[in-house]
Amino acid sequence: MRLSYLTACCLPLLGQTSSVSSVTKAAGEVVTLTIRAVSQPARAPVALKWEVIFPVQLMEMETDGPEMGAAARDSGKSLQCMTRKPYACTCMLSGGENPIVDGPIAIFHFRIKAPVSPTTTTLRIEKTEATTVDLRKWTLNDTEVTVIIR
């Protein structure tokens, strides 16, 4: 089995980008989406909130939610995620006054359902909001990564 990873970056105050634009997978394989924090020096947020939108008709989350990334653990944060809609997972990374260090903060695993016809779809990160130490809130741009199902 070939592992492929998608990485979406949360870039407080700079917008958002995806460091991998697409990944190709087949039915039954796992797509791993890693969300990373990347901040300007002295502007790292103390909390982040976001929503991951995925095509529930084509893939399912492997577990009840994402695993916490190393940067989230190193920052002393807590990751709480809720699935209020079958196609969306809303997460909040918060706790303490330390800023979130750069690096992976959440890792999602999605299994492509079988059988599925070849198609192209997306994983989207929306409604991202960063909170700074002085309680200022910044709304970040939505971002998406493409999944090609063969």
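**View 1. The disulfide between Cys81 and Cys91 in the predicted model.** The sulfur atoms of Cys81 and Cys91 are 2.1 Å apart, and a disulfide is a pair of cysteine sulfur atoms within 2.5 Å. The structure holds one such link. The link is right-handed, with 115° about the S-S bond. Cys81 lies in strand S8 (residues 78-85) and Cys91 in strand S9 (residues 88-94), so the disulfide ties together parts that are ten residues apart in sequence. Strands (E, at least two residues) and helices (H or I, at least four) are DSSP runs, numbered from the N terminus. Cys81 is partly exposed at 25% relative accessibility, whereas Cys91 is buried at 1%. Here buried means under 20% relative accessible area, exposed over 50%, and partly exposed in between (1.4 Å probe, protein chains only). Cys89 is in no disulfide; its nearest cysteine sulfur, that of Cys91, is 4.0 Å away. Cys89 is buried, with 0% relative accessibility.

Residues are numbered from 1 along each chain as its sequence is written. The model is predicted, with local features needing pLDDT of at least 70 and side-chain atom pairs counting only at pLDDT 80 or more, while totals for chains, interfaces and linings use all residues; side-chain values use heavy atoms, without hydrogens and water.

**View 2. The largest nonpolar core.** This core has 30 residues. A nonpolar core is a set of buried Ala, Val, Leu, Ile, Met, Phe, Trp, Tyr and Cys residues joined through side-chain atoms within 4.5 Å. The residues with the most contacts inside the core are Trp50, Val52, Ile105, Phe108, Phe110, Leu123 and Val147. Elements that give two or more residues to the core include helix H1 (70-74), strand S5 (47-53), strand S10 (103-112) and strand S11 (119-131). S10 supplies the largest share, five residues. Leaving aside residues up to four places away in sequence, Val52 touches Leu33, Ile35, Tyr87, Ala88, Cys89, Phe108, Phe110, Arg124 and Ile125; contact means heavy atoms within 4.5 Å.

**View 3. The aromatic cluster of Phe54, Phe108 and Phe110.** The structure holds two aromatic pairs. Rings of Phe, Tyr and Trp (its six-membered ring) pair if their centres lie within 6.5 Å; planes under 30 degrees apart count as stacked, over 60 as edge-to-face and the rest as tilted. The ring centres of Phe54 and Phe110 are 4.9 Å apart and the planes stand at 45°, so this pair is tilted. Phe54 lies in the loop between S5 and S6 and Phe110 in strand S10, so the pair ties together parts that are 56 residues apart in sequence. For Phe108 and Phe110 the centres are 6.0 Å apart and the planes are at 5°, so the pair is stacked. Phe54 and Phe110 are both buried. Phe108 is buried as well, with a relative accessible area of 0%.

**View 4. The salt bridge between Glu29 and Arg150.** The closest approach, N to O, is 3.9 Å. A salt bridge is a side-chain nitrogen of Lys or Arg within 4 Å of a carboxyl oxygen of Asp or Glu. Glu29 lies in the loop between strand S3 (22-25) and S4 and Arg150 in the segment after S13, so the pair ties together parts that are 121 residues apart in sequence. Glu29 is buried at 13% relative accessibility; Arg150 is partly exposed at 48%.

**View 5. Salt bridges of strand S11 and other charged residues.** A search of the whole structure finds seven salt bridges. Glu51 pairs with Lys127, with the closest N and O atoms 3.6 Å apart. Glu51 is in strand S5 and Lys127 in strand S11, 76 residues apart. Glu51 is buried at 10% relative accessibility, while Lys127 is exposed at 54%. Lys137 and Glu129 form another salt bridge, the closest N and O atoms being 3.9 Å apart. Lys137 is exposed at 53% relative accessibility and Glu129 is partly exposed at 26%. A network of salt bridges links Arg124, Glu126, Asp142 and Glu144.
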